[in-house]
Amino acid sequence: AAKELEKQRLAELMSIGATGSAKQVEAAERKLVAAETARETAALQYQAATRDFSTKKVAVETAAKTLNTTQTAANTAAQAANVTTTNLLATAKLKLMAVATRLKAVMLANPYTLAAAAIAALGYG
């Protein structure tokens with residue numbers, strides 16, 4: 001829009017220059033300078049907006065990378081906790097199996113204990 005205004009003012013100046021008075025030419029020149037200034041201002045504002053957009057884009061990209069890093073760290077920690085829990089449960093299972101095997105051996109060695117265990121199992125069944 002500012003560029004178009006500048007073209008109009010230049011055309012007006014050319015038209016006045018051929019037929020107008022010195023005051024008209026001077027007024028047209030002032031309008032032309034104002035239009036040029038408006039165009040330059042618009043160009044500077046565009047450049048500033050472009051820089052601002054670029055800065056914000058970089059900030060968003062940085063935030064996305066930080067979030068991704070944080071999510072990866074949280075996932076790694078969760079996997080480590082899962083491995084620890086699995087190892088703990090496996091160890092507990094092995095110990096329970098050993099205790100159950102010993103209990104079975106003790107119960108089979110004494111027939112009265114086996115009968116009492118069977119009766120208790122039926123009672124709690």
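**A spread-out, all-helical chain**

Just 6% of the 125 residues in the protein chain come out as buried (under 20% relative accessible area, with exposed meaning over 50% and partly exposed anything in between, using a 1.4 Å probe and protein chains only). The model is a predicted one, so local features need pLDDT of at least 70 and side-chain atom pairs count only at pLDDT 80 or more, while totals for chains, interfaces and linings use all residues. Residues are numbered from 1 along each chain as its sequence is written, and side-chain values use heavy atoms, with hydrogens and water left out.

As for the fold, the protein chain has 3 helices and 0 strands (DSSP runs numbered from the N terminus, H or I of at least four residues for helices and E of at least two for strands). The radius of gyration of the protein chain is 45 Å, well over the 14 Å that the globule rule gives for 125 residues, so the chain is more spread out than a compact globule. Here the radius is taken over C-alpha atoms, and the rule is 2.2 Å times the number of residues to the power 0.38. Along its principal axes, the C-alpha trace spans about 135 × 25 × 15 Å.

Helix H2 takes in residues 22-109, which makes 88 residues, and reaches 130 Å from first C-alpha to last, close to the 130 Å expected at 1.5 Å a residue (the expected span being 1.5 Å times one less than the number of residues). Its buried residues are Ala28, Leu32 and Ala35. Lys23, also placed in H2, counts as exposed because its relative accessibility is 70%. Ala80 is another residue found in H2, and at 44% relative accessibility it counts as partly exposed. C-alpha to C-alpha, Lys23 sits 122 Å from Ala117, with their positions 94 residues apart in sequence; for Ala80 and Arg9 the figures are 73 Å in space and 71 residues in sequence.

What caps the N-terminal end of H3? Asn110 does the job, with a side-chain oxygen 3.1 Å from the backbone nitrogen of Tyr112. Helix H3 itself covers residues 111-124, and its end C-alpha atoms lie 20 Å apart, which agrees with the 20 Å that 14 residues should span at 1.5 Å a residue.

Turning to the surface, the protein chain exposes about 10,300 Å², and carbon and sulfur atoms supply 66% of that area (Shrake-Rupley method, 1.4 Å probe). The mean positions of the 15 positive and 9 negative charges are 27 Å apart.

Terms used: A polar contact is a pair of N or O atoms within 3.5 Å; within protein, one must be able to donate a hydrogen and the other to accept it, and residues adjacent in sequence count only if both atoms are side-chain atoms. Lys and Arg count as positive and Asp and Glu as negative; His and the chain ends are not counted. The place of a charge is taken as NZ of Lys, CZ of Arg, CG of Asp or CD of Glu.
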